Amino acid sequence: MKIPKINYRIAVLLLALTLLVLGGCGAAPEQTMTPTAETETQEEAKIPGSVTVTGEAAAELTEGQQAVIVAFMERYYQSMGRLEVLDCGDLFSEEEQVTMHRDVWTLLCEIRRASLSDLTLLDYAVTLNCTAVEPQEDGTVRVRTEEDTVMHFAASPAADSKILGMFQGFTLVGSEETGWKIQRHTAWDSAYYPFMRFVARDNGLSEGTKPPIEVGYSTVEEQRALAEENLAARLAQQGQQAEPMTARNVYDREAAVAYARRWAGERNSEWPEYDRYGGNCMNFVSQAIHAGGVPMDTTGSAWYWFGNGNRTASWSGVNYFVSYVQVNTGGGLVGDAAAPYYTGEPGDVIAMGNDHFRHIVMISEALTDESGNTVDYLICSNTGDLCDFPAGAYFYTYQQLIKIYGWN
């Protein structure tokens, strides 16, 4: 897919400045317009979009409860649509939550603005499937939803970029008389992981279960520094060529991508799923590579799954898979575990994280400029479930391309 040509030299020189925009750790912007003028300007810049609440438990929500949840999702997507953070302070009861969300949204906007592709939104349609509304003894109400969203990015207007089944949890406080506010919001989204520790009971999950990842808290400064370093390293690879490798058997990229798109938002019952055991991302990518004709490798460093008690860690673990590709020789998969970032093709994969690998995705399409230079990728993934979503829009900026050539 072609996108407008970009001056790469200017992009590299301005990268650090771009990432330092709004670098005041979430400090509120100064008011430069009257409230009326500001409101009018925001309305003029509004991205076409909708948020719909549905599902079996939606009828249990009061009008006020639903309104504050819808307002939150609208505020988020309008911010991401323009890559300008809108204030969300009026939606929360706790200042700590206001600061955290403002910081997360700010960093996401900075990362997306620094991309070589245009990651503003043309439109969006959000559906929240409400699965539970649970009044608590302290008067708060816990609401569990699953988000399905279709959006169109300026860089890939023909692609339906999808978020599928993303957990969005809200703890609400207030009443219909006084109004409802969000006491706490959690989401199974990589942007929020560095700033909160998920607790199962706080998300209304059943005892003994937990979201896909637990990490310690980090600071905005740490995440901004990591993003700046990671994005600069990626830009430095622009124009580099991949090291050619020879495989006896050709990799069926189209079949791999077709599988990835088919199962991005579901789980194939013929395979296990590891969503609650660290995530299903590598298991999903292994299945897609296998669907592209690459057979399981039972020799040497090995890569296979014949059952939960008969599998290699490389089948379902990101770091183990990267290591497998790095050291594998002879039979099995032939690939380059550290190929220049912009040499990817559909069917190749990207391992990603912030400071180390936490996630892996499959490329479904390469985005190029008018000169044919690759500037971004659309990807498919599990945990979180995404289909044809821009890699450059990820909060995970430490991204390493793994090229797959075939197998011996």
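## Confidence, helices and packing in a predicted chain

Visitor: In this predicted model, over which residues with 50 contacts beyond four places in sequence does pLDDT stay under 50?

Guide: The stretch in question has 50 contacts beyond four places in sequence in the model, yet its pLDDT stays under 50. Where pLDDT is low, the predicted coordinates should not be read in detail, and a further stretch with pLDDT below 50, residues 205-215, has 29 contacts beyond near neighbours in sequence. For the protein chain the mean pLDDT is 88, and 84% of its residues reach 70 or more. The stretch with the 50 contacts is residues 4-37.

Visitor: How far apart are the end C-alpha atoms of helix α5, and what span should its residues give?

Guide: Helix α5 covers residues 220-235, which is 16 residues, and at 1.5 Å a residue these should span 22 Å. The distance between the end C-alpha atoms agrees with that expectation, being 22 Å.

Visitor: Within what arc do the buried residues of α5 fall, seen down its axis?

Guide: The buried residues of α5 are Val220, Gln223, Arg224, Ala227, Asn230, Leu231, Arg234 and Leu235. Seen down the helix axis they line one face of α5, because they fall within an arc of 135 degrees.

Visitor: Is Glu229 buried or exposed?

Guide: Glu229 has its place in helix α5, and its C-alpha atom is separated by 8.7 Å from that of Tyr398, although the two lie 169 residues apart along the chain. Since exposed means over 50% relative accessible area, and Glu229 has 55% relative accessibility, this residue counts as exposed.

Visitor: How are α4 and α5 oriented, roughly parallel or roughly antiparallel?

Guide: Helix α4, residues 95-113, packs against α5 with the axes 11 Å apart and at an angle of about 10 degrees. Angles under 35 degrees count as roughly parallel, so the orientation of α4 to α5 is roughly parallel.

Visitor: Which residues of α4 and α5 make the contact?

Guide: On the α5 side the contact is made by Val220, Gln223, Arg224, Ala227 and Leu231, each of which is among the buried residues of α5. On the α4 side the residues are Asp103, Thr106, Leu107, Glu110 and Ile111.

Visitor: How many of the 20 residues of α3 are buried?

Guide: Helix α3, residues 63-82, reaches 28 Å from its first C-alpha to its last, close to the 28 Å expected, and just after α3, Leu83 takes a positive phi of about 60 degrees. In the protein chain of 408 residues, 53% count as buried. Helix α3 is largely enclosed by the rest of the structure, because its buried residues number 14 of the 20.

Terms used: Residues numbered from 1 in each chain as written. Predicted model: local features only at pLDDT ≥ 70, side-chain atom pairs only at ≥ 80, totals over all residues. Heavy atoms only, no water. pLDDT = per-residue confidence, 0-100. Contact = heavy atoms within 4.5 Å. Helix = DSSP H or I, 4+ residues; strand = E, 2+ residues; numbered from the N terminus. Expected span 1.5 Å × (residues − 1). Buried < 20%, exposed > 50% of the residue type's maximum accessible area, 1.4 Å probe, protein only. Arc of directions from axis to C-beta. Axes fitted to C-alpha atoms, helices over the stretch in contact; angles between N-to-C directions. Parallel < 35°, antiparallel > 145°, perpendicular 65-115°, else oblique.
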